[in-house]
Each structure stands twice: as C-alpha cells, then as structure tokens.
Amino acid sequence: MPEATFLDANELVINMGPQHPATHGVLRVILKLDGEKVVGTECVIGYLHRGVEKIAENRTYQQFAPYVDRMDYVAAVTNGMGYCEAVEKLLGAEIPPRAQYTRMALAELQRIASHLLWLGTHALDLGAMTPVFYTFREREEILKIFESYCGARLTTHAFRIGGLQYDLYDNFERDCRKFCDYFLPKIDEYEELLTTNRIWLSRTKNVGVLSAEDAVGLGSTGPVLRGSGVRWDVRKAQPYEAYDKVEFEVPTGERGDTYDRYLVRVQEMRQSVRIIRQCVERIEPGPIFGKVGKVIKPPVGEVYHSIEAPKGELGYFVVSDGTVTPYRVRVRPPSFVNLQAFDTMVRGHLVADVVAIIGTIDIVLGEVDR
Amino acid sequence: MATIRILIVFAVLSGLVAYLVYLERKVLAFMQARLGPMRVGPWGLLQPIADGLKLLLKEDIVPSGADKALFLLAPVISVLAAFTVFAVIPYANNFLITDVNIGLLLILGISSLGIYGIILGGWSSNSHYPLLGALRSSAQLVSYEVAAGIALVGVLLISNSLSMVHIVERQQQTGLWNVFVQPVGFFVYLVAAVAETNRAPFDLPEAESELTAGFHTEYSGFRFALYFLAEYTNMVLVSCIAVTLFFGGWLRPFASVRWLDFLNYGPVAGLIGAGIFVLWLGWKARDTGERGFFKFLGVALIVLGVLVAYPPVLAAVQGIFWFTAKMLLFLYAFIWYRGTFPRYRYDQLMNVGWRWLIPLALANLIATALVLYFISPHAGLGSG
C-alpha cells in the first residue's frame with residue numbers, strides 16, 4: 001500500500017542493484033522515493049553468500065586461512081591477519097618480532113590500498129572520473145610489493161598461523177621506503193583535486209550525517225565511527241601485534257558527514273605511511289615463526305579477537321573442541337555492521353546522495369555476505 | 001551554391017563530431033595517466049569509424065510497452081534540432097550558409113526544440129530510470145536556457161542586431177571582442193552552455209552512477225548513436241555561438257593592431273606545427289606501418305602549410321582558421337571540465353541556475369542597458 005506523501009503523490013519504488021554501477025558489488029537497495037527524495041530504504045543482501053563460516057567447520061585451521069582472504073577481497077592481508085591472530089590467541093602462541101613488524105607493515109600497506117580503492121570509486125560515484133586512475137596507479141605499486149612478497153596480488157594468503165607464510169624478500173624494506181616517499185606527495189595531489197573543490201564540498205558536506213550516538217548505537221566502527229568524532233581505533237584501544245610500540249595518531253571528524261569520513265580516510269593514509277616507516281625500521285633478522293607445532297590443534301575453548309581492518313573492526317570468534325578443525329568460526333565483518341547505518345544516513349536525502357552514502361560507508365559485498 | 005555549402009558543413013560537422021569523441025577520449029586519457037584508444041589504426045585514429053560501424057550494425061531494440069512511434073522519433077528530433085542551427089553560424093566572412101536578420105533568435109528557438117527529443121525519449125521508454133533522467137534534463141535545460149538567453153541579450157544590446165554576421169562585424173569595427181565588454185555575460189553563458197549540453201559537471205541527466213544512463217538507457221544501436229551525435233553536436237554548437245558572440249567569430253586576435261599582423265600567418269604556423277608534431281610521433285612509433293603513415297601525414301601537413309603561405313590562399317583560409325582554432329579551444333575546455341569536476345546534485349544544480357546565474361545575468365543585462373542608455377542613447381535602447 002503506497003502511503004500518502006507530499007502533494008498526495010504515490011511513492012515511487014526504485015530497485016537499485018544488484019547489478020548497478022554504483023552499489024560496489026551486488027548490493028541491492030530498494031528505494032522508496034517521493035520525487036527524488038528518499039523516504040525509506042531496504043537493503044537486500046546475500047547475493048555473494050558463499051557460506052564462509054560453515055566452510056570453516058570442515059577445514060583444518062590452516063586450510064581455512066585462504067578462505068578469509070575472499071571475504072574483504074580488496075583487503076585480504078588484514079583479513080588473514082585477524083584470523084591468524086585469533087587462532088594464535090587460542091593457542092597461546094608468541095609471535096617473534098620480525099613476523100610482527102612484517103605483518104604490520106603489510107597490513108598498513110593493505111589499509112592504504114583499500115582506502116585508495118575507496119577514494120577512487122567514491123569520487124567516481126560523485127562524477128569525478130579522474131581520481132580513480134591516479135589512485136589505482138598508486139595501488140598498483142602496493143600490489144607489486146605484495147606480489148614480490150608472496151606471489152599474489154589480491155588474495156594474498158600472506159600469513160600463517162604462528163608467523164609468516166614466507167620470509168621477506170631482499171629489497172622489501174627498500175621497496176616500502178620507496179613507496180612511502182613516492183606516495184605522500186600523491187595524497188596531496190588527490191586533496192588538491194577534491195578537498196577544496198566547491199562541487200566536492202557541496203556533494204559531501206552535510207550529506208549522510210551520522211551523529212556520534214547513532215554511530216555507537218548502530219555499532220559502526222572504523223572510519224565511519226571516527227568520522228562522527230568518536231576516537232575509537234582497535235589499534236589503540238586493544239593493541240595487537242606491536243601497535244603499542246609505534247607512534248601514530250587517530251584522525252577523527254566532527255560532524256559525521258560524508259566529507260568528514262573522506263578527510264578521516266585521507267588522514268589515515270598518511271598515518272599508515274608513518275606506521276610503515278617505523279615498522280620497516282624495526283624489522284630485524286630473526287625467526288619468522290613462533291612455536292605452534294606442525295599440526296594446529298588448539299585446546300578446548302573459545303576466543304574473540306578483533307583488529308582494525310581498513311573498513312572497521314574485524315572480529316573473529318573461534319570455538320575449538322580440541323580437534324584439528326574449528327567447531328565454529330563466526331566473523332564480525334565491519335562492512336556488514338556499518339551498512340546498518342545506511343538507512344539512518346540516507347533518509348531525507350536525494351537519489352544522488354544514495355550513491356555518495358553507499359560510497360562513504362565503504363562496503364565490500366564479499367564481506368557483507370560472506 | 002547554398003546546397004553545396006550545406007553539404008560541406010554537414011559533412012565536416014559529422015566528421016568533427018566523430019573525431020571530437022576521439023579527441024575527448026585521448027585528452028581525458030592523457031589527463032588520467034593512460035593512453036586511450038590505440039588499437040584501431042595508428043594511435044587509434046580509426047576508432048570513431050569502428051565505433052560508428054558497430055553502432056550501425058547493432059540491433060535496434062524497442063522495449064515492450066514503449067510508445068513505439070515516439071520512441072523511434074525522439075532521437076531524430078534531438079539530432080535535427082542540433083544540426084539545423086548550424087545554418088546561421090558565420091564560419092568566416094567568405095563562408096556561411098545564410099545570414100538571417102533574426103539569426104540569434106533562430107538559434108535559441110530551434111536549439112530549444114532539442115529538449116523534446118530528450119523528454120519524449122525518456123517518457124516513451126516506459127521505464128523508471130529514463131523517466132527520471134528525462135525529468136531532470138527537462139528541468140535543467142529549461143532553467144539554464146533562461147540564463148543563457150538573458151546573458152546573450154547583453155550582446156544584442158551592444159551589437160544592436162540579431163544577425164550573427166553583423167554581431168561579428170560590429171566587433172571588428174570597435175576592435176574589441178564582446179568578451180571584454182561583457183565579461184559577466186560571457187561567464188554566465190559559458191556555465192549555462194555547459195549545463196545545456198549536459199556536460200560535466202552538469203551531466204546529471206546521464207549520471208551513470210545514479211541513473212545508469214539517464215534518458216537514453218533503453219536506447220540501443222544507431223538510435224543511441226543519434227543521441228550521442230546530438231550531444232556532441234550541441235557541444236560544437238555552443239562553442240560556435242560563444243566564439244561568434246564573444247570572441248569575434250572569424251576575426252584573428254587583435255585584428256585592428258597593425259604591428260601584430262604577423263599573426264596572419266597563424267594558419268601556416270598551425271599547419272607546420274601540427275606537421276612537426278606528427279613527424280615526431282612517426283619518429284617515435286615502433287610499428288613500421290605506423291611510422292610510414294605518420295611521416296607521410298607530417299610531410300603532407302608541412303607542404304600544406306607552405307602552400308597556405310601563398311597570400312591569396314592565406315587570405316581565404318584566414319577566417320575559417322581562427323574560427324576553428326577558437327572553437328577547438330572551447331571544446332578542449334569542455335573535455336577539461338569533465339576530467340576535473342565532480343558532478344553537481346540535482347537541487348544544487350537548480351540552485352546554481354536560479355539563485356546565481358539568472359540574477360547575475362539579469363543584473364548584467366540591466367547594467368548594460370543603463371550604461372548604453374546614458375552613454376549613447378542613439379545606439380542603445382533609444383533607437384530600438
């Protein structure tokens with residue numbers, strides 16, 4: 001039944017997706033429109049559901065590791081890192097510093113790569129077609145480092161439970177430093193194109209405002225939460241690996257609009273460069289594996305471990321029954337939870353803002369649907 | 001004679017529009033750290049022909065539930081409106097199809113008809129996205145046409161004529177391009193022109209990321225190509241109008257400054273410069289066939305440049321060269337905007353149009369009228 005709205009016109013119901021250029025994958029949004037104004041939304045998800053959590057119950061701990069790479073497939077390194085750490089926590093294993101700093105350096109590179117992909121596509125959604133080519137050019141350099149390290153560019157499977165998949169290649173440190181030097185001026189370039197661009201400002205300021213209370217109430221994490229002004233970063237709040245030993249800042253926004261989230265992510269890229277530089281300084285010769293044994297067989301128990309993935313808090317809840325396969329793995333994907341804020345953000349805005357807001361949440365459907 | 005001129009204009013215009021697409025893809029590509037079309041022909045030079053052929057051969061789909069007659073008619077309206085207007089553009093003092101004493105009015109009138117193509121196309125598709133796209137464009141085009149129209153009236157007041165030829169001649173007499181007399185009018189017209197041609201940052205009707213392809217979502221094959229043709233023809237059209245009305249049409253820069261007469265050799269320099277550039281491309285090319293082609297083309301351009309230096313020829317091509325050069329600058333700017341700006345939102349677009357451009361244009365009009373009235377009442381409003 002269509003509700004009566006302004007001028008007594010009927011609502012126009014538009015189906016956006018799952019095949020739509022701006023829904024970043026196979027998200028399907030059912031929009032209820034009054035003219036061009038959005039009066040309600042409904043997200044239909046599950047088009048990319050592969051039952052990743054169920055698969056875990058039929059694989060050994062190590063066998064499952066490559067599957068998590070396929071959740072947030074544009075940030076595979078951090079996915080793998082979270083899973084490996086969760087199992088290590090269950091095992092009570094210590095990870096040698098060389099492996100820790102390598103993991104951090106790679107994870108921060110991954111964060112930059114993920115943010116670059118977000119920045120390019122977000123700008124493209126808002127009609128600025130040039131930034132996407134610049135960001136992909138820089139992302140390529142990161143993927144080259146991944147490729148040199150483990151042979152894969154996207155679904156890297158970079159880590160093993162207990163340490164690293166491979167030891168570092170000879171010029172890893174040099175490549176990272178070179179990338180950092182090359183990349184910082186490029187961020188200025190993106191900002192020059194967008195940050196003070198009048199059209200960009202008018203498209204992003206006061207669009208998709210999410211108050212701090214709403215953000216916390218809806219369980220948002222990552223840049224979405226920090227854009228609303230809540231200084232919460234798992235790397236600072238519950239440091240894992242060696243994040244308590246490196247210096248970095250947690251950028252936050254004020255108004256919680258699309259523009260603030262844009263600024264937060266851009267600042268995060270700068271901070272990531274800072275972390276990479278420190279990590280690379282501290283990578284010293286040494287073992288890359290902790291004592292975990294050949295067969296991974298954690299004691300009976302359960303563990304929840306979360307990390308700061310590029311898109312927010314990525315949590316793994318792993319239950320062990322003492323065998324070589326997990327009894328249950330539950331993933332808390334940041335994209336899925338952040339997507340819940342979509343309706344709050346989008347109500348009352350125009351159709352054109354829908355794509356801006358989908359873009360600003362930075363979802364990956366592989367992770368939403370798992 | 002007129003028939004031959006019409007044929008020439010039509011042929012050149014079609015070719016120009018086809019290669020404008022190529023130019024756009026190339027320029028955008030170079031702005032975006034990539035190469036653009038490179039496969040079909042040397043440096044992708046045959047790409048427009050390949051694209052055109054492909055579109056011709058595609059199936060012409062009419063969606064079920066569409067209003068067939070209107071659906072088939074709509075793109076034709078757009079193209080017709082875009083092409084007809086070129087009849088009154090003076091390309092040079094020695095080359096124009098016709099000069100009517102209501103030239104500018106004719107241009108505004110006929111180019112406004114193009115919007116029917118968009119509205120009817122969107123409506124007759126019987127689909128949500130095209131309908132929304134068509135609604136957007138109708139609102140957009142109508143509001144920006146008002147601004148553009150008012151901005152042009154300022155020029156009318158100064159020139160005291162609606163004839164395009166007379167407007168250019170007037171600029172020749174005063175030795176001052178209208179852009180210097182009417183900077184505000186030009187600015188308003190420029191913005192409105194970009195909006196009227198549905199180009200970035202005002203390309204809402206076809207906002208790919210929101211409405212898939214706007215009003216022409218349901219179109220395919222050659223009917224789609226017609227819309228495309230109309231859009232690019234309109235780009236050329238507004239560039240032509242801007243050049244004629246504000247940038248002295250066929251006049252060379254500083255036409256009345258004697259010691260700058262060497263600028264008359266612009267066509268020669270342009271052709272030889274292009275020839276040298278093409279030779280350089282040929283020198284760099286790896287493929288033997290490509291190298292041969294570019295060298296031939298480069299030499300041909302240089303020879304042509306030398307031939308043009310012969311005084312009678314030089315005088316003959318003078319007007320058309322400067323007109324084309326200025327027009328190309330405008331077209332380049334169109335592409336440049338697209339590479340730089342994000343897209344306006346629908347309501348913001350309306351804001352810019354109604355709350356900024358139209359008041360600005362009105363203020364400019366009133367100021368112009370007042371100044372004319374007080375300075376020279378006989379040339380201005382008084383003489384009617």
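Helices here are DSSP runs of at least four residues, numbered from the N terminus. With that in hand, the loop between helix H14 (351-361) and helix H15 (365-369) of chain A is a good place to start, since A:Asp362 lies in this loop. The model is a predicted one. Phi of A:Asp362 is near 60°, a positive value in a residue other than glycine. Most residues other than glycine have a negative phi. As for its surroundings, A:Asp362 has 27 C-beta neighbours inside 10 Å, and the cut-off is 20 or more, so A:Asp362 counts as buried.

A:Asn206 tells a related story. Its phi, too, is positive and near 60°, and A:Asn206 sits in the loop between helix H7 (198-204) and helix H8 (212-217) of chain A. Here the count is 13 other C-beta atoms within 10 Å, which means that A:Asn206 is partly exposed. Chain B has positive phi values just past two of its helices: B:Ala33, just after H1(B), takes a phi of about 60°, and B:Asn160, which follows H5(B), has a phi near 60°.

Those two helices can be checked for length. Helix H5 of chain B (residues 128-159) has 32 residues and reaches 46 Å from its first C-alpha to its last, close to the 46 Å expected at 1.5 Å a residue. H1(B), with 30 residues, reaches 41 Å between its end C-alpha atoms, close to the 44 Å expected on that basis.

H1(B) also has a well-populated packing record. Its buried residues are B:Leu13, B:Val17, B:Leu20, B:Tyr22 and B:Lys26, and they pack against helix H2 (47-57), H10 and H13 of chain B. Take H10 as the partner: the axes of H1 (residues 2-31) and H10 (residues 221-246) of chain B come within 9 Å and cross at roughly 100°. That crossing angle is why H1(B) counts as roughly perpendicular to H10(B). On the H1(B) side, B:Leu13, B:Leu16, B:Val17, B:Leu20 and B:Val21 take part, and they meet B:Leu229, B:Tyr232, B:Thr233, B:Met235 and B:Val236 of H10(B). Sorted by type, the residues of this contact are nine nonpolar, one polar and no charged.

Next comes the nonpolar core. The largest one holds 190 residues, of which A:Val87, B:Ala147 and B:Ala192 touch the most other members. H10(B) gives the most to this core, with 16 residues. Leaving aside residues up to four places away in sequence, A:Val87 touches A:Tyr61, A:Ile161, A:Ile296, A:Pro298 and A:Val318. Another core lies apart from the largest one; it has seven residues, among them B:Val268, B:Ile272, B:Phe294 and B:Leu301.

Elsewhere in chain A, A:Leu106 lies in helix H4 (residues 97-125). Its 28 C-beta neighbours inside 10 Å are why A:Leu106 counts as buried. Beyond four places in sequence, A:Leu106 touches A:Val77 and A:Ala158. A:Thr258 is another matter: 152 residues separate A:Leu106 from A:Thr258 in sequence, and their C-alpha atoms are 28 Å apart.

Finally, the two chains meet in a contact that takes 22 residues from chain B and 25 residues from chain A. On the chain B side, the elements giving two or more residues are helix H9 (208-211), helix H13 (311-340) and helix H14 (346-375). The residues on that side divide into nine nonpolar, seven polar and six charged.

Conventions
Residues numbered from 1 in each chain as written. Chains lettered and ligands numbered in written order. Predicted model: local features only at pLDDT ≥ 70, side-chain atom pairs only at ≥ 80, totals over all residues. Axes fitted to C-alpha atoms, helices over the stretch in contact; angles between N-to-C directions. Parallel < 35°, antiparallel > 145°, perpendicular 65-115°, else oblique. Contact = placed C-beta atoms within 7 Å. Nonpolar A, V, L, I, M, F, W, Y, C, P; charged D, E, K, R; others polar. Expected span 1.5 Å × (residues − 1). Core = buried A, V, L, I, M, F, W, Y, C linked by C-beta atoms within 7 Å. Buried ≥ 20, exposed ≤ 12 C-beta atoms within 10 Å, placed from the backbone.
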